[in-house]
Amino acid sequence: LYPTESRESGTRQLIHLCRRQNCSNREVAAQLDVPVYKNVLRRGAVAAVAAPEYDVAADPRLPRSYEMCCGECGSREVVYFQNAVGVNDDRLVLTFVCTNEECKHAWLSTDATSG
């Protein structure tokens with residue numbers, strides 16, 4: 001059964017329909033207070049990069065820049081990627097990570113102090 005919206009008789013209802021041919025099974029959703037899907041976005045992209053699950057700086061799939069300067073060690077080589085910052089945030093925010101083995105400093109493109 002697939003969720004869909006019924007607009008019959010001027011009211012909106014969540015119903016579940018069968019999509020098989022010659023099947024007219026139709027059920028009205030009973031628990032409307034329970035969400036079908038909830039997308040939760042959290043702020044704090046730098047905290048997620050500060051302790052990565054893998055070595056982000058050594059990832060060959062990420063683009064590199066030689067024009068940014070690390071605010072911690074002064075290295076000119078960084079990797080960067082786009083990171084979701086918050087709900088309804090339409091800004092493009094990049095996360096930069098220094099590729100220096102001893103440094104691995106991470107910062108956001110919105111930070112005024114680093115980069």
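Start by selecting Thr-4 and showing its surroundings: setting aside residues up to four places away in sequence, Thr-4 touches Gln-13, Leu-14, Ile-15 and Leu-17. Keep in mind as you click around that this is a predicted model. Thr-4 belongs to strand 1, which covers residues 2-6. Now pick Leu-17 from that list of contacts and draw a distance between the two C-alpha atoms: Thr-4 and Leu-17 are 13 residues apart along the chain, and their C-alpha atoms are separated by 7.1 Å. Is Thr-4 buried or exposed? Neither label fits, because its relative accessibility is 30%, which counts as partly exposed.

**Next stop: the cysteines**

Select Cys-23 and Cys-18 together. The closest cysteine sulfur to that of Cys-23 is in Cys-18, at 3.2 Å. Why is there no bond here? A disulfide needs the two sulfur atoms within 2.5 Å, so this pair is too far apart. While Cys-23 is still highlighted, turn on the surface: with 33% relative accessibility, Cys-23 is partly exposed.

Move on to Cys-73. Its nearest cysteine sulfur is that of Cys-98, 3.6 Å away, and Cys-73 is in no disulfide. Cys-73 is also partly exposed, with a relative accessible area of 36%. If you are wondering how many disulfides the structure holds, the count is zero.

**A serine in a loop**

Now select Ser-75, in the loop between strand 4 and strand 5. Show side chains here, and you can follow the one on Ser-75 to the backbone nitrogen of Glu-77, which it reaches at 3.4 Å. What else does Ser-75 contact, apart from neighbours within four places in sequence? The residues to highlight are Met-68, Cys-69, Cys-70, Cys-98 and Asn-100. You have already met Cys-98, as the residue with the cysteine sulfur nearest to Cys-73.

**Last stop: the sheet**

Switch to a cartoon view and colour strands 4, 5, 6 and 7. These four strands form an open sheet in the order 4-5-6-7, with antiparallel pairing. At the edges are strand 4 (64-65) and strand 7 (106-108), each pairing on one side only. As a reminder, strands of a sheet pair through backbone hydrogen bonds.

Zoom in on strand 5 (residues 78-82) and strand 6 (residues 94-98), which pair in the antiparallel sense over five bridges. To finish, select Val-78 in strand 5 and look across to strand 6, where its bridge partner is Cys-98. Cys-98 is thus a good residue to leave selected: it is the bridge partner of Val-78 and one of the contacts of Ser-75.

Terms used
Residues are numbered from 1 along each chain as its sequence is written. This is a predicted model: local features need pLDDT of at least 70, side-chain atom pairs count only at pLDDT 80 or more; totals for chains, interfaces and linings use all residues. Side-chain values use heavy atoms; hydrogens and water are left out. Two strands pair if DSSP finds at least two bridges between them. Helices (H or I, at least four residues) and strands (E, at least two) are DSSP runs, numbered from the N terminus. Buried means under 20% relative accessible area, exposed over 50%, partly exposed in between (1.4 Å probe, protein chains only). Contact means heavy atoms within 4.5 Å. A polar contact is a pair of N or O atoms within 3.5 Å; within protein, one must be able to donate a hydrogen and the other to accept it, and residues adjacent in sequence count only if both atoms are side-chain atoms.
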